[in-house]
Every structure is written in structure tokens, then in C-alpha cells.
Amino acid sequence: MARIPEFYKLSVSQRVHEVRKQGLLSSQDYQALASGDHTLSIQSADKMIENVIGVMGLPLALGLNFLINDKAYAIPLVVEEPSIVAALSSAAKIARAGGGFRVESSEPILIGQIQVVDVPHPQRAKAALLQRKSEILNLANSLHPNMVARGGGAKDLQVLIHPSSGQRGDMVVAHLLVDTCDAMGANLVNTMCEGVASLVENIAEGKVFLRILSNLTDRALVKARVSIPLDALAGRGFDGEQVRDGIILANEFASIDPYRAAITPKRGKTAFL
């Protein structure tokens with residue numbers, strides 16, 4: 001599935017009907033899309049965030065042709081810029097020629113950081129925090145029992161000591177390692193950090209300052225790879241070897257120039273496909 005030739009030529013209602021016929025939509029979702037009732041209501045929006053005054057609409061499209069770990073997918077996409085959906089669907093079609101994408105992921109572990117300053121004995125504080133790890137984890141998990149019931153929650157505690165040149169001495173940073181399951185988990189982790197801050201502060205005999213989600217998600221990684229036959233790269237007057245060499249040259253540019261390597265919403269598009 002997820003191969004619907006000339007899907008872009010159909011009307012919106014025809015596309016919705018075709019997707020339903022392919023078994024990608026439930027009856028309820030089909031009715032919602034067909035009637036327009038899937039649009040977010042102002043009442044629902046007002047319950048989601050603060051200071052709501054309206055709702056902004058964006059197109060909902062499907063990226064087609066994806067083959068991921070030998071299974072076909074149609075990928076829902078919400079974007080406002082032309083050519084993105086077509087480019088992704090075209091790239092996915094090319095990738096199919098080599099068996100599609102192979103993807104693997106680690107456990108969804110996010111890190112919550114609890115920064116402790118004014119610690120008189122950092123090494124002793126580290127040892128004390130690790131000794132009472134179970135107590136800290138149990139308190140963190142008591143704040144989100146539903147997440148624990150789904151198999152997630154705080155799984156481990158790490159403690160780091162960071163040298164500081166300031167007058168307040170070296171800082172002690174406790175890392176809560178939280179399995180967020182299928183949730184993005186930012187608010188969940190922040191709540192846990194807030195909830196255990198007082199206990200961490202008492203154990204470390206210091207002053208807790210920041211208690212917040214880490215900016216680095218190095219324990220929640222997804223790896224993907226794809227192998228494309230040269231013949232599948234040919235097109236627009238170029239043979240496969242020419243396209244391959246062009247990709248290598250563009251990659252070399254990005255490797256040596258940060259102005260090419262950085263991706264922005266408007267300039268992060270693939271140049272060749």
C-alpha cells in the first residue's frame with residue numbers, strides 16, 4: 001500500500017475516498033475529513049494553551065510511496081510550503097528501488113536536569129543522592145502514575161559534578177532518566193524535576209536552581225539508512241553516476257561550510273530531487 005498513482009491529480013474529496021478505500025482511515029475519521037469536522041474548534045483550542053483568540057489552519061497532506069522496514073506507509077504531513085510533499089513522495093519512491101528505509105530506535109529516554117549549587121561537599125552530595133536513588137525515583141514516578149502504568153516513568157538517576165570558577169563552588173547536577181513511551185514528554189519530565197527538587201536539595205545540602213528538561217536528547221535516538229541503486233537516481237537528463245557525484249559534492253560543501261550544513265525551514269530543502 002501507500003502507492004496511489006497520480007494521487008495529486010484527484011480532487012480533495014476523491015483523495016479522501018481513495019485513502020478510505022485503501023484501508024488507511026476508519027469510518028469515523030473518513031466522515032470527519034469528508035465533512036470538515038476534523039478542524040480544531042475554538043473551544044478545544046482554548047483548553048490546550050493560554051490566551052487563545054483563534055485557530056490557524058494548515059494543509060494536511062499525505063506523503064506516499066514510503067517503505068520502512070519492509071512495511072508500506074502513508075505519512076501525514078502538515079506543512080505550508082509548496083514542493084515539500086511532492087519532493088518527499090518522489091524521494092520515497094526512489095528509495096523503494098533499494099528496498100526502502102531501514103529504521104531503528106533506542107528507548108525514548110529523556111533527561112531531566114536538577115542543578116544544585118552552594119553544595120559544601122560535592123562528592124559527599126553525589127554519594128548521598130545515589131544512595132537514595134530509589135527514593136528519588138519513587139517520588140518522581142508518583143507524580144505520573146499513568147505513565148508508569150504504561151511501562152514508562154523515571155528509570156534511573158545519574159549525578160554529575162561540574163567544576164565552577166565562581167564563588168559558589170562546584171555544582172552538582174542530578175539527571176533523571178525518564179522513559180516517556182509514546183509521549184514527547186517535555187512537560188512530564190519538567191514536572192518530575194520540580195517534584196523531586198526539594199528532596200534532592202535536602203539530600204545534597206545545597207540549593208536547587210534549574211530543574212528542567214535537558215536540551216540534548218542523546219538517549220532518544222532514531223537511526224535510518226537507505227541504499228539506492230544508481231539506475232534509480234537517473235533523471236532529468238542526468239545518469240545515476242552524475243546524480244550520485246552531485247550528492248557527494250553537495251555533502252562535501254556541507255561538511256566544510258556551516259552556512260551550508262545548517263538547516264532552516266525555508267532553505268533546508270533537497271537540491272537534487
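Helix 5 and helix 8 cross in a right-handed way (a crossing is right-handed if the near helix is turned clockwise from the far one by less than a right angle, and left-handed if anticlockwise). The contact is made by A125, A128 and L129 on the helix 5 side and by V200, I203 and A204 on the helix 8 side, where contact means heavy atoms within 4.5 Å. Sorted by class, this contact has 6 nonpolar, no polar and no charged residues (Ala, Val, Leu, Ile, Met, Phe, Trp, Tyr, Cys and Pro count as nonpolar, Asp, Glu, Lys and Arg as charged, and the others, Gly among them, as polar). Helix 5 covers residues 122–131 and helix 8 residues 186–204, and they pack at an angle of about 130° with their axes 8 Å apart. That makes helix 5 oblique to helix 8; angles under 35 degrees count as roughly parallel, over 145 as roughly antiparallel, 65 to 115 as roughly perpendicular and the rest as oblique. Axes here are lines fitted to C-alpha atoms, for helices over the stretch in contact, and angles run from 0 to 180 degrees between N-to-C directions. Helices (H or I, at least four residues) and strands (E, at least two) are DSSP runs, numbered from the N terminus.

All of this comes from a predicted model, in which local features need pLDDT of at least 70, side-chain atom pairs count only at pLDDT 80 or more, and totals for chains, interfaces and linings use all residues. Residues are numbered from 1 along each chain as its sequence is written, and side-chain values use heavy atoms, with hydrogens and water left out.

Helix 8 also packs with helix 6 (residues 133–142), at an angle of about 155° and with axes 8 Å apart. The two are therefore roughly antiparallel to each other, and their crossing is right-handed. From helix 6 the contact takes in E135, I136, L139, A140 and N141, and from helix 8 it takes in M192, G195, V196, L199, V200 and I203. These residues divide into 8 nonpolar, 2 polar and 1 charged.

V200 of helix 8 deserves its own look. At 1% relative accessibility, V200 counts as buried (buried means under 20% relative accessible area, exposed over 50%, partly exposed in between, with a 1.4 Å probe and protein chains only). Leaving aside residues up to four places away in sequence, V200 touches I114, V116, L129, I136 and V208. The C-alpha atoms of V200 and I114 are separated by 8.0 Å, with their positions 86 residues apart along the chain.

Next come the aromatic rings. A search of the whole structure turns up 1 aromatic pair: F66 and F101, stacked at 6.1 Å centre to centre with 25° between the planes. Rings of Phe, Tyr and Trp (its six-membered ring) pair if their centres lie within 6.5 Å, and planes under 30 degrees apart count as stacked, over 60 as edge-to-face and the rest as tilted. F66 sits in strand 1 (residues 60–68) and F101 in strand 3 (residues 101–105), so the pair ties together parts 35 residues apart in sequence. F66 is buried, at 12% relative accessible area.

A few other residues round things off. E6, in the segment before helix 1 (12–21), has a phi near 55°, a positive value in a residue other than glycine, and is partly exposed at 49%. N51 is not a glycine either, yet has a positive phi of about 60°; N51 lies in the loop between helix 3 and strand 1 and is exposed, at 74%. M48, in helix 3 (residues 42–48), is exposed at 59%.
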